[in-house]
4 protein chains.
Amino acid sequence: MDATTVKKTTPNSATDRYSRERLINRFKAIRDFSDQLTEPLEIEDFVVQAMENTSPTKWHLAHVSWFYETFLLDKVYDNYQSLHPQYAYIFNSYYLQTGEPHTRSKRGLLTRPTVREVFEFRDYVNKEVFKFLENATEEQLREYGPVIEIGNNHEQQHQELMITDFKYMFAQNPLCPAYKDLKLPDSKDVPPLNWVAFDEGIYQIGNKGDEFTYDNEHPRHREFLEAFELSDRLITNREFMEFMEDGGYERSELWLDDGWATVNENEWDSPLYWTNKEGQWHYYTLSGLREVDPNEPVTHISYYEADAYARWADARLATEAEWEVAAADLPYKGNFVEEGHYHPRPLQDRSSGLKQMYGDVWEWTKSAYDAYPGYEPLPGALGEYNGKFMCSQYVLRGGSCATSETHIRKTYRNFFYPDARWQFNGIRLARTV
Amino acid sequence: MDATTVKKTTPNSATDRYSRERLINRFKAIRDFSDQLTEPLEIEDFVVQAMENTSPTKWHLAHVSWFYETFLLDKVYDNYQSLHPQYAYIFNSYYLQTGEPHTRSKRGLLTRPTVREVFEFRDYVNKEVFKFLENATEEQLREYGPVIEIGNNHEQQHQELMITDFKYMFAQNPLCPAYKDLKLPDSKDVPPLNWVAFDEGIYQIGNKGDEFTYDNEHPRHREFLEAFELSDRLITNREFMEFMEDGGYERSELWLDDGWATVNENEWDSPLYWTNKEGQWHYYTLSGLREVDPNEPVTHISYYEADAYARWADARLATEAEWEVAAADLPYKGNFVEEGHYHPRPLQDRSSGLKQMYGDVWEWTKSAYDAYPGYEPLPGALGEYNGKFMCSQYVLRGGSCATSETHIRKTYRNFFYPDARWQFNGIRLARTV
Amino acid sequence: MDATTVKKTTPNSATDRYSRERLINRFKAIRDFSDQLTEPLEIEDFVVQAMENTSPTKWHLAHVSWFYETFLLDKVYDNYQSLHPQYAYIFNSYYLQTGEPHTRSKRGLLTRPTVREVFEFRDYVNKEVFKFLENATEEQLREYGPVIEIGNNHEQQHQELMITDFKYMFAQNPLCPAYKDLKLPDSKDVPPLNWVAFDEGIYQIGNKGDEFTYDNEHPRHREFLEAFELSDRLITNREFMEFMEDGGYERSELWLDDGWATVNENEWDSPLYWTNKEGQWHYYTLSGLREVDPNEPVTHISYYEADAYARWADARLATEAEWEVAAADLPYKGNFVEEGHYHPRPLQDRSSGLKQMYGDVWEWTKSAYDAYPGYEPLPGALGEYNGKFMCSQYVLRGGSCATSETHIRKTYRNFFYPDARWQFNGIRLARTV
Amino acid sequence: MDATTVKKTTPNSATDRYSRERLINRFKAIRDFSDQLTEPLEIEDFVVQAMENTSPTKWHLAHVSWFYETFLLDKVYDNYQSLHPQYAYIFNSYYLQTGEPHTRSKRGLLTRPTVREVFEFRDYVNKEVFKFLENATEEQLREYGPVIEIGNNHEQQHQELMITDFKYMFAQNPLCPAYKDLKLPDSKDVPPLNWVAFDEGIYQIGNKGDEFTYDNEHPRHREFLEAFELSDRLITNREFMEFMEDGGYERSELWLDDGWATVNENEWDSPLYWTNKEGQWHYYTLSGLREVDPNEPVTHISYYEADAYARWADARLATEAEWEVAAADLPYKGNFVEEGHYHPRPLQDRSSGLKQMYGDVWEWTKSAYDAYPGYEPLPGALGEYNGKFMCSQYVLRGGSCATSETHIRKTYRNFFYPDARWQFNGIRLARTV
């Protein structure tokens with residue numbers, strides 16, 4: 001990782017956070033990391049959109065640059081000239097207030113601009129942002145520092161999506177191409193699951209605001225929680241295969257109604273990417289097709305599967321508030337993208353207490369994604385970043401093996417529709433005492 | 001209404017609630033009310049399923065009878081003989097544990113059994129249930145009283161669905177047939193909207209259990225609410241038309257992302273059943289096509305429209321806990337189905353405080369339908385009644401002009417998908433102070 | 001059949017054909033026959049549209065009356081008053097030049113007008129037509145006689161559709177209701193198939209015009225045919241089951257590409273209405289569910305299945321010209337609707353030569369439905385009767401057990417899309433020598 | 001074009017046709033021409049499948065190589081080793097008898113093999129075929145010469161598809177990238193349309209067999225044609241715009257029923273690739289977006305549009321037999337792909353008689369694609385080349401600006417579904433005298 005790794009440093013104040021030096025370093029490191037992630041790809045791999053929910057790698061790379069143009073450069077310069085007048089149209093994702101975007105499902109039809117041209121576009125934007133950062137007044141830094149930091153976090157989110165999107169794309173190919181040929185980790189048996197208890201009480205949920213955050217983590221507010229317990233680790237492939245062997249995918253009583261319909265419509269009988277070859281479960285990983293490791297956390301499952309597994313196990317999923325209370329002061333350590341595994345790892349830690357809360361897999365919660373009481377979206381088009389998705393999606397917590405360590409927080413709220421399986425999502429159990 | 005009207009009486013205890021006399025009276029009254037509701041229909045009107053979410057009237061009538069057969073008569077008698085061996089298949093709705101049901105979308109293809117035969121089936125079941133109730137031991141009454149009461153409440157729910165389903169069906173007909181030719185109510189202008197304030201605090205939410213309830217109202221538990229306000233009355237057609245005139249249906253920034261997609265896909269520009277004739281909005285009512293009365297509560301809107309209206313009005317929808325706290329000890333009075341209007345009514349009450357909390361229209365809340373902490377579904381197939389729908393639906397509170405007065409409660413949780421418009425659903429605003 | 005049976009008489013000339021007496025008799029007989037066909041139905045059975053290609057019985061009954069209003073009564077009377085101003089909208093099928101018709105797929109949503117009202121509409125139209133026929137001048141008879149005769153033939157076509165449509169509807173019902181409880185015919189084994197040879201040569205194809213005809217049978221023109229042979233009888237269920245047992249539905253090489261896609265998409269493994277119960281094939285008939293009679297002509301198959309069967313049997317389907325040449329002067333005898341079987345019958349005739357050319361089942365030809373050289377559609381909206389369907393459909397010849405004897409002709413061209421199975425369609429083989 | 005241009009030489013006999021030298025030359029020239037066609041493309045352009053009917057350029061390039069492996073190399077060598085064991089699966093198009101092919105709609109998901117690897121695959125196959133051709137015995141040449149010649153013709157068909165497919169792909173891109181920047185031709189006004197008359201009579205249709213042909217051109221047989229006339233040239237953009245201005249796309253009476261449904265469903269109001277900018281029609285061409293040249297033959301229209309135009313013009317389309325009779329001994333001259341225009345050209349020829357019969361645009365005929373009397377498909381999987389598509393498609397004649405001059409013949413039958421617009425298809429009128 002070396003030079004491009006982004007150091008996890010928490011500045012003491014907003015002033016520090018938006019200092020010229022820190023902004024330049026963060027911007028550079030994150031932009032470089034995008035380049036680094038795409039190094040193993042062939043030109044052809046940048047082009048394809050393998051399903052509507054995914055995007056071509058080159059679209060991701062251009063879109064995150066468009067973001068700086070739209071929300072920074074167009075604002076600070078009177079006559080900012082984009083590299084190409086139509087990029088604003090084809091690389092807008094969903095910001096309706098900045099103009100009608102190109103149809104999402106058609107991103108994979110655009111062979112031009114070429115990959116080379118997209119990198120030229122990135123360079124062009126980099127130069128403009130650096131120029132701004134180097135010459136900005138302190139007042140401008142205070143005003144636009146938060147925008148740049150949103151741009152940085154935005155790019156980190158798209159780095160995670162790039163990984164999950166090209167994984168999905170490679171998995172459609174009967175040749176099962178590997179992204180990187182990575183060594184298998186040591187896999188030793190995982191100890192039985194234990195429960196960690198938490199008291200009832202009124203808790204503060206949401207972010208205090210002394211670090212960079214998204215609007216959806218605010219305002220900090222109170223919630224009363226009845227006493228609850230969380231499992232001390234993630235559910236493993238071995239445990240999930242027990243569910244499967246017990247008829248998990250064939251027993252309607254274990255499933256939500258929507259989930260049962262989805263299972264039957266799509267003929268699901270295992271997590272995404274799994275295939276049974278002569279009685280042995282295999283899965284596509286970014287290192288190619290491999291035998292399922294029973295000690296790894298199960299991943300690439302929908303909310304429906306997480307919920308059904310929990311019901312089978314006489315438990316339930318946690319609420320996001322429970323998760324946040326439990327995370328308390330746990331350090332931000334785990335199997336993040338910086339580790340370079342691009343896959344969840346078998347549990348190594350044999351200590352007691354909560355393990356694997358960060359990294360490895362996003363943990364489905366039973367909380368529908370909604371506004372906190374008193375929530376206010378950012379003004380203008382940036383208000384579309386989070387707020388308009390607060391419907392019919394479920395919150396996930398903790399980050400995954402494709403998330404940047406400097407991107408995650410205790411109060412961070414990820415969200416997906418309940419049928420989404422292509423992210424590195426997994427299961428931690430909870431129960432009301 | 002006369003003889004068939006069900007009296008709203010709250011028995012003092014479970015013993016009273018499941019007394020032989022009360023069970024017989026309730027069962028009779030509710031069964032009779034179904035007959036009464038269908039009197040204005042022609043035979044043809046019983047047959048059609050106008051969309052997948054609705055059912056033919058004769059299917060409703062038979063299904064609620066099947067319910068008593070399946071959950072009562074089959075249990076209490078060793079060799080209960082149904083009137084027809086295949087009715088158990090064609091009149092099961094979604095109880096997978098009682099056997100594969102007939103495909104939901106094909107209910108409207110079954111011209112047989114005929115309407116006459118369906119009423120014969122009802123009579124057959126009535127006789128069997130009366131026979132049971134007259135001869136049951138006290139122990140049997142204690143054991144099966146709750147099941148009969150679920151059956152009664154179940155039939156009341158289907159009475160409401162019958163009304164909304166045949167309304168939807170008639171509305172598809174260019175002839176705009178009337179169900180009943182009802183007099184227009186007095187319509188006087190509605191006073192400006194006021195806000196009623198509630199304090200922050202820990203509240204008890206859910207049912208204590210001293211009355212009949214569904215499993216989803218349990219367990220009673222604590223929730224902390226930040227201080228909030230509710231509008232003192234429902235939003236009117238006049239107010240909703242102001243939203244429409246202000247470009248409500250054309251301004252993406254007012255909408256949830258899913259809502260905006262739904263509006264555009266379906267080309268919505270007004271509530272369901274509305275049509276513009278020469279500049280004047282009309283709607284189909286169960287008395288035929290009429291000019292929109294600006295003083296009535298707006299209805300036949302989706303969650304998306306309720307949410308967009310609230311955003312336009314600088315407010316939000318209430319959570320279901322807020323609604324329940326506000327309802328507190330309000331009496332169960334309102335424009336229920338027993339009034340025989342089958343349509344919401346302009347506000348008559350000029351007193352201060354909350355008005356129209358019960359009846360008229362179900363009030364969309366911003367709460368995703370989910371299990372309360374510690375929730376346990378009923379055992380067996382009845383566990384499918386509520387629990388498996390706790391995903392991607394939104395809770396509504398308070399009952400409507402199609403709900404029975406004896407069916408509603410403060411803790412009652414109705415739920416629909418956010419795009420559902422054919423129920424009598426409407427808007428009350430809330431805000432965080 | 002008695003009074004209502006339409007006598008097959010060929011008048012000597014157009015004058016005779018359109019004589020007052022003949023027009024009155026034909027009109028009366030055909031209108032009465034529609035009533036007679038619907039006698040066994042319950043009111044509920046008139047309402048349902050079981051798939052988009054079918055129509056409710058009451059729609060058929062009203063639509064054929066609308067036809068006389070639109071193409072006769074509206075023309076001959078200056079101020080003809082229809083019984084209801086909106087019937088012209090809801091009972092138009094596809095005549096775009098007479099105004100936008102009600103959406104085809106929504107015919108089954110209209111419970112009103114009721115069945116009783118539809119019969120009142122029929123009576124109203126009957127009276128008006130009789131009044132016209134009794135009072136028309138000779139000139140009017142010459143002008144409108146052909147229109148009435150189109151109306152009569154149109155109603156006969158809809159009589160056939162009514163039968164196939166309510167058969168389709170009943171077949172969707174797990175109760176398998178019978179339309180009529182008809183006796184099984186004698187079924188004796190059918191002799192081996194023989195071939196009847198025809199010489200090459202230039203033949204006259206199409207109608208001379210000395211009888212009532214549709215525009216699509218014109219103009220009479222010449223076609224050169226290479227020598228060919230036709231099988232002397234229809235393919236039986238026994239023969240078709242041999243195809244099935246030989247893997248007919250699983251062998252891609254037997255199928256047209258579109259056919260193979262259709263078979264797999266719909267999981268066809270037998271003709272429509274067939275179901276295998278404990279190793280024995282049964283089918284739904286208008287007398288209910290019965291064991292398949294191996295001696296009957298196979299029916300309810302698509303063009304794809306007819307084509308695949310023929311390929312399996314080292315033969316092909318006939319062209320429509322070949323069929324017409326072969327039919328030559330054969331009498332119009334066969335198992336038509338007047339026989340009252342509503343089902344094809346096992347071959348009884350043991351004579352040599354072509355058998356079963358008329359009645360029993362429509363015979364799929366390999367001829368795409370197209371205009372004869374010099375074809376001209378009727379002027380005005382009646383030009384939409386046939387011409388606009390001359391694309392992607394296939395011609396069938398000979399009539400079926402649901403066709404009226406007085407409706408069929410040697411030159412008659414029926415047509416359906418190649419995936420249509422709900423008509424009484426079957427197979428006769430042909431080969432080039 | 002130079003070195004790679006394939007000379008149009010008709011060898012005197014099958015022996016000459018399959019001589020070693022000729023086979024080597026043809027194979028080399030055609031393989032080289034594929035390379036040449038793809039030279040202007042960027043790597044990204046080879047990957048995308050812009051709709052299900054099209055294929056990625058690299059798929060085309062690999063598939064035509066797979067063809068030689070499957071139908072030649074696997075047959076002539078006992079242990080032929082393909083370059084990659086899975087290419088046989090992913091590059092099979094639709095030959096079910098050679099094994100289940102990869103899903104057609106997913107060809108664009110395969111970024112690997114890369115473009116470089118596909119060209120390596122082509123080289124590998126080239127070497128193997130050359131090796132075979134150089135060493136084959138005379139007997140082998142007689143046996144496999146026809147297979148190689150099918151392979152050559154097959155590659156020529158895919159060259160045409162490559163052009164139309166990448167045109168379709170580029171046209172989806174808002175940047176309107178040009179394939180080649182070609183000079184505009186001289187465009188002078190086209191003289192009024194004249195009619196060329198042909199006598200009634202029995203004609204020989206189909207191929208005599210003294211040149212390479214597909215099975216669908218056989219057997220040569222007789223057809224009787226009534227007297228007819230053909231327009232002496234193709235319909236121009238000017239003429240088609242007159243149809244448009246006369247409400248052509250809004251007048252239901254001009255359209256086949258299927259066509260009218262297609263027009264409305266897809267909101268067609270002009271040929272494919274046309275767009276109206278400030279009152280002026282433009283179209284996407286392989287040289288980018290240009291103003292419509294009124295003198296060019298109209299192209300990129302469906303059968304429905306060709307048929308509607310003909311009806312509007314009081315004419316009809318020709319049958320394929322009429323076209324073939326008219327083509328008689330016309331020389332194979334025209335605007336073929338070897339000209340390098342990749343677009344139809346304004347008529348230059350001012351002579352009388354039929355013009356533009358070859359090249360420019362394929363001419364829709366009114367003939368459904370069907371087997372000639374006595375037709376026999378090739379044995380084995382090659383029998384799937386043509387026969388199984390003889391359903392619901394329409395025949396086109398004469399080749400286009402994307403067709404190779406050495407590929408076309410008087411008896412050549414191209415075929416597409418009636419809604420296909422992405423090929424260079426156009427209109428010649430016919431009428432029955």
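Reader: Okay, so a helix here is a DSSP run of H or I with at least four residues, numbered from the N terminus. With that settled, where is the place of D:R112 in chain D?

Author: This is a predicted model, just to say that up front. D:R112 sits in a loop of chain D, the one between helix 4 (87-90) and helix 5 (115-135).

Reader: Is D:R112 buried or exposed?

Author: Buried. The cut-off is under 20% relative accessible area, and D:R112 counts as buried because its value is 15%.

Reader: Which residues is D:R112 in contact with, leaving aside its neighbours within four places in sequence?

Author: From chain A there are A:P40, A:E42, A:D45, A:F170, A:N173, A:L175 and A:P177, and from chain D there's D:K58. With A:D45, the side chain of D:R112 makes a polar contact of 2.5 Å.

Reader: And how many Å apart in space are D:R112 and D:E223?

Author: 50 Å, going C-alpha to C-alpha, with their positions 111 residues apart in sequence.

Reader: Switching to chains B and C. How many salt bridges are there between chain B and chain C?

Author: The count is 2. One of the pairings is B:D45 with C:R112, where the closest N and O atoms are 2.5 Å apart.

Reader: Which elements of chain B give two or more residues to the side that touches chain C?

Author: Helix 4 (87-90), helix 5 (115-135) and helix 6 (138-171) of chain B. By class, that side of chain B breaks down into 16 nonpolar, 9 polar and 5 charged residues.

Reader: What area do chain B and chain C bury between them?

Author: About 2500 Å², and 64% of that is on carbon and sulfur atoms. On the chain B side, B:E44, B:R112 and B:L175 supply 28% of the area buried against chain C, more than any other three residues. As for contacts, 30 residues of chain B meet 30 residues of chain C. There are also 8 residue pairs in polar contact across the interface, counting pairs with both residues at pLDDT 80 or more.

Reader: Let's go to chain A. What domains is chain A divided into?

Author: Domain 1 covers 3-171 and domain 2 covers 195-432. Their centres, taken over C-alpha atoms, are 26 Å apart. The contact takes 37 residues from domain 1 of chain A and 38 from domain 2 of chain A.

Reader: How many salt bridges are there between domain 1 of chain A and domain 2 of chain A?

Author: That count is 0. Polar contacts do turn up: 20 residue pairs across the two domains of chain A, both residues at pLDDT 80 or more. On the domain 1 side, helix 2 (20-38), helix 3 (57-76) and helix 6 (138-171) of chain A each supply at least two residues. Helix 6 of chain A has the largest share, 18 residues. The whole domain 1 side splits into 18 nonpolar, 11 polar and 8 charged residues. The two domains of chain A bury about 3200 Å² between them, 62% of it on carbon and sulfur atoms.

Reader: Last one, A:R107. Why does A:R107 count as buried?

Author: Because its relative accessible area is 5%, where under 20% means buried. A:R107 is in the loop between helix 4 (87-90) and helix 5 (115-135) of chain A.

Reader: Which side chain does a polar contact join to that of A:R107?

Author: That of A:S55, at 2.7 Å. Beyond its neighbours within four places in sequence, the residues in contact with A:R107 also include A:Q49, A:P56, A:W59 and A:H102.

Definitions and conventions
Residues numbered from 1 in each chain as written. Chains lettered and ligands numbered in written order. Predicted model: local features only at pLDDT ≥ 70, side-chain atom pairs only at ≥ 80, totals over all residues. Heavy atoms only, no water. Buried < 20%, exposed > 50% of the residue type's maximum accessible area, 1.4 Å probe, protein only. Contact = heavy atoms within 4.5 Å. Polar contact = N/O pair within 3.5 Å; in protein donor to acceptor, adjacent residues only side chain to side chain. Buried area = accessible area lost by both parts, 1.4 Å probe. Salt bridge = Lys/Arg side-chain N within 4 Å of Asp/Glu carboxyl O. Nonpolar A, V, L, I, M, F, W, Y, C, P; charged D, E, K, R; others polar. Domains from an automatic or database assignment.
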